[in-house]
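Load the model in your viewer and colour it by confidence. The tour below goes stop by stop, with a selection to make at each.

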Amino acid sequence: MAVVLLGVFLLLGGCWDNRSIEHRAIVLMIGIEPAQDGLISVYFQVPTSQALSSLSVSSSPSSASPATYVVGGVGKTVAQAMTQAQAKSSGDLYLGQVQEIVLSSQLPAAQFEDVLDFLARIGPMDKTSYVAVSPDPIQHITQHQPQEGLLPALYLTSFFSCRHCQEVYLARTVWDAEQHLQTPGMSMWLPVLRDHEANFRIDQAALYRQGQPVMTLTPEQTVYLGYLLNATAKASLPFTLHGAPVSVRALRSRTATHVVPEAGGVRLVADLKVQGILDTLPPGEATIANLRALEIEVSRGIAAQELTLIRSMQRQGVDPVGFLAPYLWQHQSLMPQANELYRNAGVEVRVHTRIIEVGDVL
Amino acid sequence: MPRSRAANVPSAANSRTTHPSPRDVEGNASRLDERLNAYLADLVAQGDLGRVSGSVETAEGRIRSLLGSAPDLVLRRIRLGFAPGRPTLLVYIDGMTDPDMLGATIARLLDGGQESSLPGDFASALQAQLPLGEVEREDRWRQLFTQLLSGTTLLFVEGVPAAWMLDISKLPARGVGRPLSEPSIKGPQEAFNEVLVTNLAQIRHRIHDPRLEFETFRIGSYTRTTVALAHVQGLTNPDLVLAVQHRLEAIDRDYVQYASEISPYLHQHPRTMFPLIRSTERVDWIVRDLMNGKVAVLVDGDPFAFTLPVGMLDFFQTTQDYIFSAWEASLVRLVRLVGVFVGLYLMPLYIALFSVNPDLVPTKFVLTVAGARQHIPFPPVMEVAVMWIIIELLREAANRLPQPLATTLGTVGAVVVGTAIVKAGIVDPIMIVLVTLSAIGLYTIPAYEMGAAFRWMFWIMVIGASVVGVYGIILVSVGLVGYMSALETFGVPYLAPFAPLLPQELGDSVLRMPLPWLRRRPVTNHPLDRQKSRPPETPDPVNLRDLQGQGPS
């Protein structure tokens, strides 16, 4: 009996498929873009053995040799493309350490959903890999070497994993994207990744409607979206006080949203509690009354910008904030007309600002 | 002159191939004749083959017939000073008798007045002439031979159907040394030695109480080794003492040299790889256990004694834990626990994470390891096997060498082999770090016997990890805990006080609370008196608070 159990354990344990880490091609980044004739191109970024060796002896990789190489494949599905790419690699393409997935903004909605579905079904792949969208050629993005000397995927991981390092925390994981895609009353958004000189540039968000990007926010709009999402960490906005320019920095907010039913529809309410640091005040202007006036000025400015942003998102029919999601959960019968309900909803933005510190004046 | 047995008795190998010569047959027949004559003399005189007849001649013949070829046997005829007409025979084993005491004894026997001038019968008179010390009279040959071969001197006097056993033995022994296998920075530095009497005296020296009891057993049909069972009456549960007594009496062996030969007979799991008996050479450890309601077993000839019953925790504790402060002792115990986990899990985790489940490792670490393993020809499990075999070889070789050489071998072996094997590309540098940490971790276990069990567990863990990764480690761990929780000795669960959970015992487990808080003996030993210390019954004259309310208001 013991021999049988041991035999079954060994045969079914899966140990025959085990490959030690050095025999695997560790994929750190996957790039996906549409190819001709409705096909999909998939690129796998893998660190070179020189880069790995340099990591193990704590030295920076040689600038002469690239830190990564890219293996690509084309197919009707991501799986087919991956099979083709596998044929070009001596190691087993291992997806258990994928850090970044970059999707082309040109991916049609059908292919986009196919891609997300595939990513969700790959067993070893971590569902917390970061996802970004790029309007640039994906092969070019995957071959990009950041100036900081890190492996590209590690650069992006460092960028996305630090919540308070960036102006707006734009990290989106596969898990988040799937969740937003499937939740009624909520639109998916992804950070936009661009190849910018020696590094990547990530300061915009792309808003999706049913797997298709319909709106790419400007960096300023992205900051205001960040306030609604509680994701803006250290924005800096210019204002004027009695005609003189002043700057409020480290602005962050705690935002609560809810929906108020009205006759013939609903009203979307965003309640922002903003706080920040005033850099400095002109000489003689550092009074409590002036601070209060500035706080009101900041509140008005943010409220106006937020209102404009929400109105534009309503026009496009995208709701990355998920104003309606809890309301629809409680009123399931309104699901079919959710889009119309959102587009026609009234909007109210309340902003309460508090200056918690005044530079070197007080 | 004692004859050499080798000269007369053909070896076992020769007896198979050659027939005994007529001369050998003649010699054997002669010895058989001598022995029969001696036996017949006892039988005629006493009517019992097993008792002394009272004839010195017969006694000498009987001893010679049995031990005559022993080169260290001394049979000496003397003339008693107070009874010169009675032939007297002194028998002892050379080298096991104190020569000064022997000289003094003989001098007293040769001296003395007339037999008729002494009061009482002859036996009492002789007893009065013997030196102070342990003197017993015995007429059974079996007992006499056992005592003689244990170092006792026998005195036969013509006409007395018994012999006197004079305890003037001085067994070859080293002095009381330091506990080399269980060193301690502070506290007593006293270890047992090979002489049981010395060991018992060392315990007695620390427990000045008549309730400390020793009971001796003779085990081994050839060696007749003395085994002592120690316990404190009124503390130790009598059921435990009775159970150990019965099991000691039931041991059927032809020889016993070591305490470890007895221990498997005392518990119900002789096949388990986990030690169920904690052996020690430290006197203070035995005394501590006795005071906690355990029994101790000491074997003559072995400086390692053991106590019963024990649980898993006993193997992770040292006497040093009770010498240092609670903070220090607790820290040391935590370090040992970490050491065990590192020793047991570090390398299996390495195998599991880098062979089976690399998705569980942080990316930077995976890349670093992958870089280090770029040109390694073997999978991690083979690397572990190679390195562990090297470690075990070095350890075993160091055990066989004198201390200075062992240290050199360890250092040179570790440095040279470690460096060379990495340069040769057989293992990666990370493996060297892991092997070193694992080895150090497992050697933090104070009890050597438990270290061996964990080394076996380590290999089972490695196999589990290499087959099914982290899941295998969890599977083996669950099995390990399940198995250990089923073990028990004398009713004490092996994993107590964690399984079953005994909150009142946790104060002296992974952490060690301050000693005044540990007021009770472990309940797992079922001691008769659980209270270690009692509150003072009379007010402390120094403590003014006790006196409050007693003075004039």
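pLDDT is the predictor's confidence in each residue, on a scale from 0 to 100. This is a predicted model, with an ipTM of 0.82 and a pTM of 0.77.

**Chain B, by confidence.** Select chain B: its pLDDT averages 85, and 88% of its residues score at least 70. Strand E9 of chain B (residues 295-299) has the highest confidence in the chain, 96, and helix H1 of chain B (residues 5-8) the lowest, with a mean of 39. Now select residues 1-17 of chain B, where the pLDDT is below 50; apart from near neighbours in sequence, this stretch makes 13 contacts in the model. At residues 549-553 of chain B the pLDDT is also below 50, but the stretch has zero contacts beyond near neighbours in sequence. Where pLDDT is low, predicted coordinates should not be read in detail.

**The contact between chains.** Next, show chain A and chain B together: 22 residues of chain B are in contact with 22 residues of chain A. On the chain B side, select helices H12 (326-356), H13 (363-372) and H17 (448-468), the elements that give two or more residues each. H13(B) provides the largest share, nine residues. By class, this side of chain B has 13 nonpolar, six polar and three charged residues.

**Two domains of chain A.** Hide chain B and colour chain A by its domain assignment: domain 1 is 21-216 and domain 2 is 219-358. Their C-alpha centres lie 32 Å apart. The contact between them takes 19 residues from domain 1 of chain A and 22 residues from domain 2 of chain A. On the domain 1 side, strands E9 (199-209) and E10 (212-216) of chain A each supply at least two residues, and the largest share, five residues, comes from E9(A). The domain 1 side is made up of nine nonpolar, six polar and four charged residues.

**Strand E6 of chain A.** Finally, select residues 100-104 of chain A. Why is strand E6 of chain A largely enclosed by the rest of the structure? Five of its five residues are buried, so the strand is largely enclosed. A:Glu100, A:Val102 and A:Ser104 point one way from E6(A), while A:Ile101 and A:Leu103 point the other way. In a regular strand the side chains alternate between the two faces of the sheet.

Add strand E2 of chain A (residues 29-34), which runs parallel to E6(A) and is joined to it by four bridges; A:Ile32 stands opposite A:Leu103. Then add strand E7 of chain A (residues 130-134), also parallel to E6(A), with five bridges; here A:Val102 stands opposite A:Ala132. With helix H4 of chain A (residues 109-121) selected too, E6(A), H4(A) and E7(A) make a right-handed β-α-β unit.

Conventions: Residues are numbered from 1 along each chain as its sequence is written. Chains are lettered from A and ligands numbered from 1 in the order in which they are written. This is a predicted model: local features need pLDDT of at least 70, side-chain atom pairs count only at pLDDT 80 or more; totals for chains, interfaces and linings use all residues. Two residues are in contact if their C-beta atoms, placed from the backbone, lie within 7 Å. Ala, Val, Leu, Ile, Met, Phe, Trp, Tyr, Cys and Pro count as nonpolar, Asp, Glu, Lys and Arg as charged, and the others, Gly among them, as polar. Domain bounds come from an automatic or database domain assignment. A residue is buried if 20 or more other C-beta atoms lie within 10 Å of its own, exposed if 12 or fewer, and partly exposed in between; C-beta atoms are placed from the backbone. Two strands pair if DSSP finds at least two bridges between them. A crossover is right-handed if, with the strands pointing away from the viewer, the path from the first strand over the helix to the second runs clockwise.
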